[in-house]
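Biologist: Could you help me read the charged pairs and the pocket in a new model? I would like the general idea each time, and then the case at hand.

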Amino acid sequence: MPAAAPPSRKLFGTDGVRGVAGSELTAELAMDIGRAAGSYLRGGPVLVGRDTRRSGSMLSSAFQSGLHSAGID
């Protein structure tokens with residue numbers, strides 16, 4: 001019998017998306033999440049908040065780019 005695959009790490013939790021910025025949480029992932037959120041919302045404007053960690057600016061900008069690509073202000 002083949003060995004069981006190790007459990008994958010959960011990125012989505014009750015408090016948002018979790019993970020290590022730059023490796024698990026990338027700008028590409030943040031943009032994809034923004035695009036998906038924009039497709040779901042189908043209208044705006046949307047206010048995006050973030051914390052003060054160094055990665056916050058990068059992830060916030062990428063998320064906003066995803067929203068903009070879906071036509072959301």
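Modeller: Gladly! Side chains of opposite charge can pair when their charged atoms come close. In this predicted model, Arg-35 and Asp-32 join their side chains in a salt bridge, with 3.0 Å from N to O.

Biologist: Where do Arg-35 and Asp-32 lie?

Modeller: Both belong to helix α1, three residues apart, which is about one turn of the helix.

Biologist: Are Arg-35 and Asp-32 buried or exposed?

Modeller: Buried would need under 20% relative accessible area and exposed over 50%. Arg-35 has 34%, so this residue counts as partly exposed. Asp-32, at 38%, is partly exposed too.

Biologist: How many salt bridges does a search of the whole structure find?

Modeller: Two turn up. Besides the pair in α1, the side chains of Arg-53 and Asp-51 meet at 2.4 Å, N to O. Here Arg-53 is exposed, because its relative accessible area is 53%, whereas Asp-51, with 33%, is partly exposed.

Biologist: Now the pocket, please. Which residues are the closest to the centre of the largest pocket?

Modeller: First, its space: about 590 Å³. Of its 21 lining residues, Val-17, Leu-25, Asp-51, Arg-53 and Leu-59 are the closest to the centre. You will recognise Asp-51 and Arg-53 from their salt bridge.

Biologist: Which elements supply at least two residues of that lining?

Modeller: β2 (16-17), α1 (27-41) and α2 (54-69) each do, and α2 gives the largest share, five residues.

Biologist: And what is the chemistry of the lining?

Modeller: The lining has nine nonpolar, seven polar and five charged residues.

Definitions and conventions:
Residues are numbered from 1 along each chain as its sequence is written. This is a predicted model: local features need pLDDT of at least 70, side-chain atom pairs count only at pLDDT 80 or more; totals for chains, interfaces and linings use all residues. Side-chain values use heavy atoms; hydrogens and water are left out. On a 1 Å grid over the protein atoms alone, a cavity is a set of points where a 1.4 Å probe fits but cannot get out, and a pocket is an open set with protein on both sides within 12 Å along at least five of seven lines; lining residues have an atom within 4 Å of a point. Grid points are joined across faces, edges and corners, and a volume is the space filled by probe spheres set on the points. Helices (H or I, at least four residues) and strands (E, at least two) are DSSP runs, numbered from the N terminus. Ala, Val, Leu, Ile, Met, Phe, Trp, Tyr, Cys and Pro count as nonpolar, Asp, Glu, Lys and Arg as charged, and the others, Gly among them, as polar. A salt bridge is a side-chain nitrogen of Lys or Arg within 4 Å of a carboxyl oxygen of Asp or Glu. Buried means under 20% relative accessible area, exposed over 50%, partly exposed in between (1.4 Å probe, protein chains only).
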